[in-house]
Amino acid sequence: MANRNFKVLFLYPNLQMTSMVPQAIAVLSAVLRDCDIETDVFDTTFYDTGLADHNVTNVKTFVSKPYDFADKNIQQKTTDVYADFRDKVNAFVPDLIAVSLVEDTFRMGERLLKSIREYDIPVVAGGPFCTYASEKVVECEDIDFIIRGEGEAPLRELCLALANDTNYKGIANLGYRENGSLVKNDIRAAMDLNDIPFADYAVFENDNKQTLYRPMNGKIYKTIGLETMRGCPFKCSFCNSASHNPLYREESGSAFFRKKKMARFGAELEHMVNTIKPELIYMLADVFLMMTDREFDEFYEIYSSYKLPFYFHTRAETVKEEQVRRLEELNCLRGNVGVEHGNEEFRRDVVYRKIKNSEIERAFDIIGNSSISSAANNIIGFPTETRELIFDTINLNRKIKHGVDSVSCFIYSPYHGLPSRKLAVEKGYLSPDLLADTNTLNSSVLEMPDLTNDTLRGLQRTFTMYVRFPRDRWNEIRMAEKFSPEGDKVFERLSEELRQDYVAG
């Protein structure tokens with residue numbers, strides 16, 4: 001325990017209105033509160049920060065149903081985010097600021113920290129960007145410490161060391177400055193998920209009781225995430241989870257992919273229902289349906305007592321007809337399934353996903369015959385991809401469209417730590433020093449000879465049109481790809497027509 005009153009302010013420089021509520025901060029807050037350390041959060045989600053509002057983009061491109069935060073009397077903040085951050089610091093008077101960073105929010109976090117530099121408050125940064133680009137993170141002179149990998153134990157130990165004025169230099173997972181250089185301690189073994197305290201989502205409601213509300217399927221829900229597993233056993237080249245496995249094996253000799261016991265999940269669910277009272281649960285798992293039959297039976301028995309709407313992500317090969325039927329009985333709202341790419345060879349060799357198109361079609365047939373809303377997740381703009389290869393993805397989505405409510409299309413982003421980033425650098429598409437920190441998922445930072453950024457953006461905004469309209473309309477859609485007065489006019493005309501015949505999931 002801390003020998004003195006110690007306060008930690010979490011800074012969450014989120015993309016504007018992004019759907020996810022950060023379970024990581026909620027868990028870290030719970031860990032610190034167990035040590036009698038006071039916590040609070042400054043969250044930029046509802047500010048206009050100039051970062052992309054993916055939800056608005058998703059509605060325009062028919063990925064999501066239209067929604068209105070006014071249904072819950074929620075409005076975007078119109079005050080200055082920097083002034084409000086300073087006010088929060090003045091009011092809370094933290095002893096440490098803990099900032100959660102991903103690559104596309106790093107610059108926003110950097111600017112917010114710079115705005116309070118004169119306060120001279122120590123700052124610790126964590127998140128995937130800190131794990132895989134720690135040397136880039138410490139270029140920000142306002143960051144004093146970084147945490148690589150899981151943050152629960154190292155953040156707790158750092159706070160206690162600072163509070164009790166003891167040495168922090170031996171803390172595993174911690175990085176710190178010494179003699180002008182970054183010292184990085186090795187990563188410790190992955191922790192037992194069953195030992196983690198229940199997430200403290202209440203910390204997000206300290207100042208704003210509306211901050212946990214997010215859109216899903218055209219409605220606004222009070223949403224929280226619950227973790228059933230951490231990490232992923234697969235090796236997809238576009239996902240940081242794949243990078244955690246070799247990193248943890250090398251530095252700690254442990255496996256990163258773990259599952260939480262269903263009994264522990266059930267206890268946490270009961271706690272959340274009684275305290276936070278969520279309206280929607282997001283199952284925090286890269287591959288939710290990667291369960292044994294026994295695990296699924298336990299989940300079914302536990303969740304049958306609640307039947308709160310929930311949604312999940314999974315892979316096609318994990319979708320089973322009997323399980324989908326039982327998920328319907330549990331009031332499952334939505335299932336997102338990764339397609340990623342439509343060309344089997346490219347998907348195997350570049351995306352690192354070994355699965356047949358027929359298996360993907362089978363999975364969407366099963367979900368499509370249920371009451372569960374389904375989404376097909378796709379990525380375009382991979383290193384070495386061509387326009388022709390993108391149309392392989394479009395054509396696969398055309399085959400499964402009758403079983404899919406929503407067809408998403410994200411533009412590939414070469415985050416640090418991704419295996420595919422290395423390929424992009426080797427091909428000369430990307431400078432090794434460049435950050436993927438601007439308009440990610442809606443714009444490309446790669447410079448490829450066969451796919452310009454404008455080409456990718458045009459294909460992204462028309463992706464659902466190519467999937468939903470008949471082939472004899474493709475020449476019109478090609479015009480709608482162009483960001484010009486004429487192209488925009490065609491895009492709006494086709495969008496209006498599509499709205500009349502199709503409602504996204």
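**View 1. Ser115 and its contacts in the predicted model.** Looking past the neighbours within four places in sequence, Ser115 is in contact with three residues here: Tyr82, Phe85 and Arg86. Ser115 itself sits in the loop that runs between H4 and strand S4 (123-126). Is Ser115 buried or exposed? With a relative accessible area of 17%, Ser115 is buried, because buried means under 20%.

**View 2. Helix H3 packing on helix H4.** Here we've got helix H3 (residues 81-92) against helix H4 (residues 106-114), with their axes 9 Å apart and an angle of about 55° between them. H3 and H4 are therefore oblique to each other. As for handedness, the crossing of H3 and H4 is right-handed. On the H3 side, the contact uses Val81, Tyr82 and Phe85; on the H4 side, it's Met108, Arg111, Leu112 and Leu113. Sort the contact of H3 with H4 by class and you get six nonpolar residues, one charged and no polar. Two of the H3 residues here, Tyr82 and Phe85, also turn up in contact with Ser115.

**View 3. The seven-stranded open sheet.** Going across the sheet, the strand order is S8-S9-S12-S13-S14-S15-S16, and the pairing is mixed. Which strands are at the edges? They're strand S8 (213-216) and strand S16 (406-411), each of which pairs on one side only. From one strand to the next, the twist averages 35°.

**View 4. Strands S9 and S12 up close.** Zooming in on part of that sheet, strand S9 (residues 219-227) and strand S12 (residues 280-284) run parallel and are joined by five bridges. One spot to pick out is Ile224, which stands opposite Ile281 in S12.

**View 5. Helix H13 across strands S14 and S15.** Helix H13 (residues 357-368) lies across two strands, S14 (332-340) and S15 (373-380). How does H13 run relative to S14? The angle is about 165°, so the two count as roughly antiparallel, the class for angles over 145 degrees.

**View 6. Val350 and the residues around it.** Val350 is found in the loop between helix H12 (344-349) and H13. Its relative accessible area is just 12%, so Val350 is buried. Which residues does Val350 touch, not counting those up to four places away in sequence? The list is Ser237, Phe382, Pro383, Thr384 and Leu423. Ser237 is worth a look: Val350 and Ser237 are 113 residues apart in sequence, yet 7.1 Å apart in space, C-alpha to C-alpha.

Conventions:
Residues are numbered from 1 along each chain as its sequence is written. This is a predicted model: local features need pLDDT of at least 70, side-chain atom pairs count only at pLDDT 80 or more; totals for chains, interfaces and linings use all residues. Side-chain values use heavy atoms; hydrogens and water are left out. Two strands pair if DSSP finds at least two bridges between them. Helices (H or I, at least four residues) and strands (E, at least two) are DSSP runs, numbered from the N terminus. Axes are lines fitted to C-alpha atoms, for helices over the stretch in contact, and angles run from 0 to 180 degrees between N-to-C directions. Contact means heavy atoms within 4.5 Å. Angles under 35 degrees count as roughly parallel, over 145 as roughly antiparallel, 65 to 115 as roughly perpendicular and the rest as oblique. A crossing is left-handed if the near helix is turned anticlockwise from the far one by less than a right angle, and right-handed if clockwise. Ala, Val, Leu, Ile, Met, Phe, Trp, Tyr, Cys and Pro count as nonpolar, Asp, Glu, Lys and Arg as charged, and the others, Gly among them, as polar. Buried means under 20% relative accessible area, exposed over 50%, partly exposed in between (1.4 Å probe, protein chains only).
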